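User: Could you take a close look at the ligand site in this model and walk me through what surrounds the ligand?

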Amino acid sequence: MQQRTLGRTGRDVSVIGLGTWQLGADWGEVSEADARAVLDASLASGVTFFDTADVYGDGRSESIIGAWRREHPDAGITVATKMGRRVEQLPEHYTLANFRAWTDRSRRNLGVDTLDLVQLHCPPTAVYADDAVFDALDLLVAEGAIANYGVSVETTAEALAAIARPRVASVQIILNAFRLKPLDAVLPAAQDAGVGIIARVPLASGLLSGRYTRETSFAANDHRSYNRHGEAFDQGETFSGVDFEAGVEAAREFAALAADAGLAPATAALAWVAQLPGVSTVIPGARNVAQATSNAAAGSVPPLGDAFTASVRALYDRRFRAAIHPRW
Ligand SMILES: NC(=O)c1ccc[n+]([C@@H]2O[C@H](COP(=O)([O-])OP(=O)(O)OC[C@H]3O[C@@H](n4cnc5c(N)ncnc54)[C@H](OP(=O)(O)O)[C@@H]3O)[C@@H](O)[C@H]2O)c1
């Protein structure tokens, strides 16, 4: 497993991390034992970067990770959490007092004095222009409540605004074979500024695994049922914003590219993102040990090469650019 420095945090992390939204059991049942098994399998496969949020299972994901991490004090684990979505998404909620309350709760859940990295969790666009927000975050760093802060963003414009802030350590953004706009300006800007890039939803919510058909259905409490059209939160978070049936067809085409490279589709999808210059770590979600283990293996795939990238770009340009590029 390759290691990379995560931007201005200065911490080395595995190039394949683990997203733990699923482990909060917000969608689908995940027992604590199953969650721990996924964490154990990831660590055993070389994963040292774990992404969570205070809202995943309303703190359950953080609590499980915190207890588990205390059992592995010397494993070099970095945990990134997020804050800001336990209240309505209004700019006036991004205050020092709220940041203190939210980070105190995450510190308790994770069982640490200092959070490794806390990310604003897709804040309203106006927040990016508010100096007081970033002054407050600087104060939390100075006080030792957090070691670093970053921003999880929805759009490339927001990513560029975050990168321009001098002490933003990392930007988390949707980046996968069906979402290529971050390649245009965000990855070069992050590299120039030394800001880490955390690539989320790298499998387009599972589409890029090539397992789904037009007939595949998801549980009623799974966002892939209830947020297909952005009913509950940004549409881009579900299937990366692509139409499901168009995504199934495109995934079949991607699977053929992966097969030519001798790889399973999910492995190729993750390795391709991980190999993009400027990406620090990629955070697939995993529901079980088999997924976690095979995803981690993408961190040691040899370079896929320029021809593979050209094919991915051609697929995107033909199928998705017109709908996706102007929006995110
Ligand atoms: N606003 C934000 O900041 C935000 C928003 C979304 C996500 N995130 C973070 O990003 C992480 C990743 O996003 P995500 O989980 O939504 O999307 P994802 O990583 O693109 O997709 C995860 C899904 O892909 C399938 N999968 C995973 N590994 C597989 C494998 N090896 N083979 C076949 N299928 C596989 C599973 O689907 P099945 O369930 O069908 O098995 C899994 O639920 C989250 O866990 C979270 O940490 C952050």
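Analyst:
**The ligand site**

A polar side-chain atom of Q291 sits 2.9 Å from an oxygen atom of the ligand. Happy to take you through the rest, with the reminder that this is a predicted model. Two further polar pairs involve ligand nitrogen: the side chain of R211 places an N or O atom 2.9 Å from a nitrogen atom of the ligand, and for H121 the corresponding side-chain distance to a ligand nitrogen is 3.3 Å. On its own the ligand has 900 Å² of accessible area, and the protein covers 94% of that.

Let's turn to the shell itself. The ligand is surrounded by 32 residues, the closest being D51, S152, L203, Y212 and R287. By character, the shell splits into 12 nonpolar, 13 polar and seven charged residues. Helix 10, which spans residues 289-296, is the element that gives the most to this shell, contributing three residues.

Stepping away from the ligand, here is one helix pair for context. Helix 8 (residues 244-260) and helix 11 (residues 306-319) have axes that come within 11 Å and cross at roughly 165 degrees. With angles over 145 degrees counted as roughly antiparallel, helix 8 and helix 11 are therefore roughly antiparallel to each other. The crossing of helix 8 past helix 11 is right-handed.

Notes
Residues are numbered from 1 along each chain as its sequence is written. This is a predicted model: local features need pLDDT of at least 70, side-chain atom pairs count only at pLDDT 80 or more; totals for chains, interfaces and linings use all residues. Side-chain values use heavy atoms; hydrogens and water are left out. A residue is near a molecule or strand if one of its heavy atoms lies within 4 Å of it. A polar contact is a pair of N or O atoms within 3.5 Å; within protein, one must be able to donate a hydrogen and the other to accept it, and residues adjacent in sequence count only if both atoms are side-chain atoms. Accessible areas come from the Shrake-Rupley method with a 1.4 Å probe; for residues, only the protein chains shown count as cover. Helices (H or I, at least four residues) and strands (E, at least two) are DSSP runs, numbered from the N terminus. Ala, Val, Leu, Ile, Met, Phe, Trp, Tyr, Cys and Pro count as nonpolar, Asp, Glu, Lys and Arg as charged, and the others, Gly among them, as polar. Axes are lines fitted to C-alpha atoms, for helices over the stretch in contact, and angles run from 0 to 180 degrees between N-to-C directions. Angles under 35 degrees count as roughly parallel, over 145 as roughly antiparallel, 65 to 115 as roughly perpendicular and the rest as oblique. A crossing is left-handed if the near helix is turned anticlockwise from the far one by less than a right angle, and right-handed if clockwise.
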